[in-house]
Amino acid sequence: MNEAKSNMQLVSKLLFRLLPAQFFLAVIGSINSIISGLFASNCIGVDAMSATGLYSPFNMLINAISLMLVGGATILCGKYIGKNDPGSVSNVFFLDTLISILISALFISSFLILGIFDLTGFLTDNPTVRPLFNEYLVGQAMGVLPLILGTQLASFLALENKMKRTTIASIAYIIVNVGLNYVFIIRLKMGAFGLALASSIGSWVFMIIQAQYFFTKNTTLRFFKGFKSWKDSISIVKIGLPGAASNAYQTIRGFIVNSLVLAFVGSVGISAFAASDTLLRIGWAMPTAMTAVSRLMISISIGEEDRQTLVDVTRNLFRRFLPIMCIISLAVVICAEPLTMLYYTDRSQPVFMMTVWGFRLLALSLPFGTIYAHFSCYGQASGKQLYVNILAALDGVICVAGFTALLIGQIGMNSVYIANVLNGVVVTIIIMLVYPIFKNKRFPKNVEDMMVIDESFGVPEDERMDLTVRSTEEVVTISKSVTKFCLDKGIDKRRANLAGLFLEEMAGNVVAHGFNMDKKKHSIDVRVVHKNDDIILRIKDDCIPFNPNERANMVTLEDAAKNIGIRMIYKITDRIEYQNILGLNVLTITI
């Protein structure tokens with residue numbers, strides 16, 4: 001039980017260490033939309049706000065494509081990392097970059113044609129809104145490439161444990177966007193085109209700061225190098241497509257809901273929804289970030305066939321992530337009117353109360369959306385494609401558009417907001433009850449039941465042993481436990497003793513040198529696996545990066561005995577591999 005608790009603490013600690021950078025990544029698009037909305041509503045007018053609302057489905061489509069590539073590439077890389085295959089990770093990076101550029105080119109040409117030649121009549125025939133929307137579309141075209149590519153680079157920086165660069169890039173983006181909006185709109189009076197151009201230039205700054213790392217000597221991932229085969233390009237799309245389907249469906253939903261609102265409420269409804277939905281994207285950035293860090297952990301756990309960590313990631317969702325989202329949701333509900341005042345100050349205008357109710361009701365869907373995003377990500381990584389697609393269709397189109405169509409004639413604009421909440425309730429019930437009961441033929445009793453993990457996944461409990469080292473005194477004790485485990489599994493005495501000796505040497509090194517490098521509390525997660533008559537030792541710690549391979553090759557004339565223990569292990573063992581994954585040292589020894 002102590003080992004299980006320790007693993008849960010390690011998983012939680014790692015997830016929360018990764019969370020800030022991923023939040024910044026998720027929030028930059030939201031802040032871009034908020035900045036645009038604030039300048040549009042306060043400096044240009046309500047019609048400009050309608051133009052940004054009309055662009056929202058296009059933005060969802062771009063996000064869907066970007067999410068498809070990020071999800072597919074991250075999950076694929078995680079599995080390759082779990083299998084210790086760095087060459088395939090480089091190949092995925094090459095292919096993901098190339099696909100991002102090609103897709104961006106398609107979007108750019110489409111937006112320019114639609115905006116320049118005034119081909120947007122199928123979206124709005126309003127003579128005031130349409131020209132503004134055309135200008136906005138042309139300006140946004142210039143930022144598609146850095147937006148898509150910058151998102152991809154951020155996911156690879158997370159794998160390289162370089163999230164600080166993404167944080168710096170995000171802050172720079174926000175500063176540039178605000179500054180250029182002031183210059184283009186207030187000083188130069190560039191209107192909707194300046195609104196979009198400011199965010200596009202900000203996206204370029206965001207991408208360039210991140211891209212610089214991949215030209216340094218510190219990374220094995222380099223632009224257009226490391227190509228092995230085209231096969232992984234199909235895998236990226238195949239794995240990522242179900243996860244991105246939700247955003248694709250939301251694009252369709254956006255067009256449907258916009259049509260219903262224009263028909264029953266008018267353009268004022270579009271403006272109200274755009275304001276509340278745009279600002280709430282800050283709230284949605286948190287579950288997006290939570291899903292991003294969970295995706296990394298889930299994919300690596302699947303690659304390692306680590307059932308315990310896989311379950312602990314989902315436990316973390318319910319014990320830590322979900323309470324945070326409930327607090328955020330409550331805060332938005334309480335602050336609905338002050339938030340509305342950021343966009344509209346005249347309480348007598350219909351748009352004011354429409355926006356207030358948007359904040360009050362849409363905020364209630366945040367906790368439900370967090371559950372959906374996590375389980376969709378898990379289903380995507382574990383190959384449950386049909387399940388993920390059904391959830392995406394329900395969440396993306398069927399529930400929201402369906403409930404809106406049923407209610408809008410009776411309750412007007414609030415139908416859109418209520419439909420989002422009802423959608424969350426329905427999808428959550430399917431995830432937590434309907435699907436587990438259907439697959440397991442019983443009521444779910446715990447998190448593992450809800451996840452419906454294949455019984456064949458991972459190493460059986462009687463063929464593995466999980467231990468935790470917290471001090472020097474525990475190293476020798478656990479070493480003896482490892483030797484006994486090996487003997488009990490029928491491993492010959494020589495290899496059983498070597499397993500205990502190897503663990504004592506490597507774990508002792510970490511305790512002696514890693515635990516004392518800072519004032520943080522550390523532990524070592526040890527897993528011993530009996531598989532195909534082999535003994536596999538996996539030693540994982542959260543100390544500073546330490547590659548034993550470098551020490552194994554280090555011999556000095558002054559002290560020939562230095563690092564002799566590590567050098568001995570490298571000579572005797574069948575296979576030893578080291579990786580630094582998400583800031584964790586992971587050493588795998590096969591005997």
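Colleague: Which residues are linked with Glu337 in a network of salt bridges?

Modeller: In this predicted model, Glu337 is linked with Arg347 and Arg360 in such a network. The structure holds 13 salt bridges.

Colleague: What makes the contact of arginine 527 with aspartate 466 a salt bridge?

Modeller: The cut-off is 4 Å between a side-chain nitrogen of Lys or Arg and a carboxyl oxygen of Asp or Glu. The closest N and O atoms of arginine 527 and aspartate 466 are 2.6 Å apart, so the pair is called a salt bridge. The two residues belong to distant parts of the chain: arginine 527 is in strand 2 (residues 524-531) and aspartate 466 is in strand 1 (residues 464-469), 61 residues apart.

Colleague: How do you know whether arginine 527 is buried or exposed?

Modeller: Buried means under 20% relative accessible area. Arginine 527 has 8% relative accessibility, so this residue counts as buried. Its partner, aspartate 466, has a relative accessible area of 22% and is therefore partly exposed.

Colleague: What makes arginine 470 and glutamate 474 a salt bridge?

Modeller: The side chains of arginine 470 and glutamate 474 meet at 3.9 Å, N to O. The limit is within 4 Å, so the name applies. Arginine 470 has a relative accessible area of 39% and is partly exposed. Glutamate 474 is also partly exposed, at 25%.

Colleague: Why can side chains of opposite charge pair?

Modeller: They can pair when their charged atoms come close.

Colleague: Why do you say that arginine 495 and aspartate 533 tie parts together?

Modeller: First, the pair forms a salt bridge, with the closest N and O atoms 3.5 Å apart. Arginine 495 lies in helix 18 (residues 493-514), while aspartate 533 is in the loop between strand 2 and strand 3 (534-541), so the pair ties together parts that are 38 residues apart in sequence. Arginine 495 has a relative accessible area of 15% and is buried, whereas aspartate 533, at 47%, is partly exposed.

Colleague: Why is helix 17 called roughly antiparallel to helix 18?

Modeller: The axes of helix 17 (residues 472-488) and helix 18 cross at roughly 155° and come within 8 Å. Angles over 145 degrees count as roughly antiparallel, so that name fits helix 17 and helix 18. The crossing of helix 17 past helix 18 is right-handed.

Colleague: Which residues meet where helix 17 and helix 18 are in contact?

Modeller: From helix 17, the contact includes Thr472, Val475, Val476, Ile478 and Leu487. From helix 18, the residues include Lys493, Ala496, Asn497, Ala499 and Gly500.

Colleague: What makes leucine 487 partly exposed?

Modeller: Leucine 487 has a relative accessible area of 40%. Partly exposed runs between the 20% limit for buried and the 50% limit for exposed, so the term fits. Leucine 487 lies in helix 17 and touches Lys493 and Ala496, not counting residues up to four places away in sequence. Leucine 487 and asparagine 497 are 10 residues apart in sequence and 8.8 Å apart in space, C-alpha to C-alpha.

Colleague: Why is helix 4 called mostly covered?

Modeller: In helix 4, 10 of its 13 residues are buried. Each of those 10 is under 20% relative accessible area, so the term buried applies. Among them are Val129, Leu132, Phe133, Tyr136 and Ala141.

Colleague: How do you know that the span of helix 4 is close to what is expected?

Modeller: Helix 4 (residues 129-141) reaches 18 Å from its first C-alpha to its last. The span expected at 1.5 Å a residue is 18 Å, and the two values are close.

Methods
Residues numbered from 1 in each chain as written. Predicted model: local features only at pLDDT ≥ 70, side-chain atom pairs only at ≥ 80, totals over all residues. Heavy atoms only, no water. Helix = DSSP H or I, 4+ residues; strand = E, 2+ residues; numbered from the N terminus. Expected span 1.5 Å × (residues − 1). Buried < 20%, exposed > 50% of the residue type's maximum accessible area, 1.4 Å probe, protein only. Axes fitted to C-alpha atoms, helices over the stretch in contact; angles between N-to-C directions. Parallel < 35°, antiparallel > 145°, perpendicular 65-115°, else oblique. Left-handed = near helix turned anticlockwise from the far one by under 90°. Contact = heavy atoms within 4.5 Å.
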